[in-house]
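Please take a moment to look at the sequence and the model before reading on. The paragraphs below go through the protein chains, their sheets and the DNA strands in turn.

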Protein chains: 2
Amino acid sequence: MDIQLKRGLLDVCVLAAIRNEDSYGYKIIKDLKPCVELSESTLYTILKRLEAAGLLTVRTAEHDGRLRKYYRITQAGISRIETFKAEWKEVISIYKFVSEEGENEQA
Amino acid sequence: MDIQLKRGLLDVCVLAAIRNEDSYGYKIIKDLKPCVELSESTLYTILKRLEAAGLLTVRTAEHDGRLRKYYRITQAGISRIETFKAEWKEVISIYKFVSEEGENEQA
DNA sequence: AACACATACCTCGTGTTACGATGTATTACG
DNA sequence: CGTAATACATCGTAACACGAGGTATGTGTT
């Protein structure tokens with residue numbers, strides 16, 4: 001999938017991945033894989049960014065003698081998803097412009 | 001509208017704007033305005049990029065004693081739009097993941 | 001024991017990109 | 001004569017996704 005097309009999507013994908021229950025980096029990548037592929041370097045960059053923006057909080061916990069960083073979505077994070085959903089109407093209208101324009105030419 | 005969300009859309013918007021008839025920078029901005037806003041610096045950067053990629057061709061013509069650069073879409077440009085439309089299924093599935101996830105939580 | 005592999009985290013450099021600021025020139029209007 | 005609209009362009013900046021590479025521990029295999 002086109003990288004540029006991903007850019008507005010990845011942040012909210014990560015937020016959606018931790019929406020129902022806290023998760024950690026490695027699991028987020030696996031969970032998102034069927035939906036959208038992202039590399040580790042990308043994910044950890046995004047997690048840092050979302051934390052700095054207050055859209056999620058971090059908690060370090062031990063699991064089977066190994067450290068994991070669990071991420072929990074904040075209210076601001078949930079709002080971010082809602083904003084995204086609200087903006088989607090514009091995206092759809094852009095898509096329609098791009099996909100429908102010119103089709104009446106073929107008639 | 002979120003800048004990141006625009007990134008995968010602007011190129012194809014510009015291509016769609018010249019799809020039915022040749023156009024020039026200033027007019028493209030005006031035509032796209034109801035659909036998506038973009039600044040002049042952004043547009044001219046995009047036009048250069050699309051030309052370099054062979055997605056459109058340029059022709060300079062005089063109009064009322066003033067020079068205009070008219071842009072015409074190429075076959076590759078049309079293919080670019082088709083690729084975009086094909087990728088849209090993935091985008092929709094991502095949107096569904098983001099928007100539907102968690103809604104069954106409220107029941 | 002030695003080795004590969006999965007888990008789990010991280011940093012750095014690079015290329016792409018949208019934008020504001022700014023500049024140049026001409027035409028139109030008052 | 002000045003202001004706005006038309007029409008093009010460049011430069012620097014900040015955001016971002018990614019590959020390459022690094023560190024460390026557990027698990028499975030031979």
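Two residues are said to be in contact when heavy atoms of theirs lie within 4.5 Å. With that cut-off in mind, and remembering that this is a predicted model, we can begin with the way the two protein chains meet. Of the interface residues of chain A, 100% are also interface residues in chain B, so the two copies meet through the same surface.

How are the two copies placed relative to one another? In general, two copies of a chain are related by a rotation about an axis together with a shift along that axis. Here, a turn of 180° and a shift of 0.0 Å along the axis lay chain A on chain B with an RMSD of 0.0 Å. This is the relation of a two-fold axis.

One residue that makes contacts across to the other chain is A:Ser99, which belongs to helix H5 of chain A, a helix made of residues 75–100. Is A:Ser99 buried or exposed? Its relative accessible area is 8%, and A:Ser99 is therefore counted as buried, since the word buried applies under 20%. When its neighbours within four places in sequence are left aside, A:Ser99 is in contact with B:Arg19 and B:Lys85.

We turn next to the sheets. Strands of a sheet pair through backbone hydrogen bonds, and they may do so in a parallel or an antiparallel way. In chain A, 3 strands form an open sheet in the order S1-S3-S2, and the pairing is antiparallel. Strand S1 (23–24) and strand S2 (56–63) of chain A stand at the edges with a single partner strand each, so that one side of each has no neighbour in the sheet. S2(A) is joined by 8 bridges to strand S3 of chain A, which covers residues 66–73, and these two strands run antiparallel. Within this part of the sheet, A:Val58 has A:Tyr71 of S3(A) as its bridge partner.

The loop between S2 and S3 of chain A contains A:Asp64. The phi angle of A:Asp64 is near 55°, which is a positive value in a residue other than glycine. A:Asp64 is exposed, with a relative accessible area of 74%.

Chain B also has an open sheet, in which 3 strands follow the order S1-S3-S2 with antiparallel pairing. At the edges of this sheet stand strand S1 (23–24) and strand S2 (56–63) of chain B, each having a single partner strand, so one side of each is left without a neighbour. Between S1(B) and S3(B), which run antiparallel, there are 2 bridges. Here B:Ser23 stands opposite B:Tyr71 in S3(B).

The protein also lies against DNA, and we can take DNA strand C before DNA strand D. Which residues come nearest to DNA strand C? There are 25 residues around DNA strand C, and those that come nearest are A:Lys48, A:Arg68, A:Lys69, B:Arg7 and B:Arg66. Of the atoms of DNA strand C that come within 4 Å of the protein, 69% are accounted for by sugar and phosphate. Some contacts reach the phosphates: a polar side-chain atom of A:Tyr44 lies 2.9 Å from a phosphate oxygen of DNA strand C, and for B:Arg49 the distance from a polar side-chain atom to a phosphate oxygen of this strand is 2.7 Å. The elements that give two or more residues to the surface near DNA strand C are helix H3 (25–32), H4 and S3 of chain A, together with helix H1 (3–6) and H4 of chain B. S3(A) gives the most to this surface, with 5 residues. A base is reached as well, for a polar side-chain atom of A:Glu40 lies 2.7 Å from a base nitrogen of DNA strand C. By class, the surface near DNA strand C has 10 charged, 8 nonpolar and 7 polar residues.

Around DNA strand D there are 26 residues, and the closest are A:Arg7, A:Arg66, B:Lys48, B:Arg68 and B:Lys69. Sugar or phosphate holds 69% of the atoms of DNA strand D within 4 Å of the protein, while the rest belong to bases. Among the base contacts, an N or O atom in the side chain of A:Arg7 is 2.5 Å from a base oxygen of DNA strand D, and a polar side-chain atom of B:Glu40 lies 2.7 Å from a base nitrogen. The side chain of B:Lys69 has an N or O atom 2.5 Å from a phosphate oxygen of DNA strand D. The surface near DNA strand D has 12 charged, 7 polar and 7 nonpolar residues.

Definitions and conventions. Residues numbered from 1 in each chain as written. Chains lettered and ligands numbered in written order. Predicted model: local features only at pLDDT ≥ 70, side-chain atom pairs only at ≥ 80, totals over all residues. Heavy atoms only, no water. Pairing = 2+ DSSP bridges. Helix = DSSP H or I, 4+ residues; strand = E, 2+ residues; numbered from the N terminus. Least-squares fit on C-alpha atoms with pLDDT ≥ 70 in both. Buried < 20%, exposed > 50% of the residue type's maximum accessible area, 1.4 Å probe, protein only. Near = heavy atom within 4 Å. Polar contact = N/O pair within 3.5 Å; in protein donor to acceptor, adjacent residues only side chain to side chain. Nonpolar A, V, L, I, M, F, W, Y, C, P; charged D, E, K, R; others polar.
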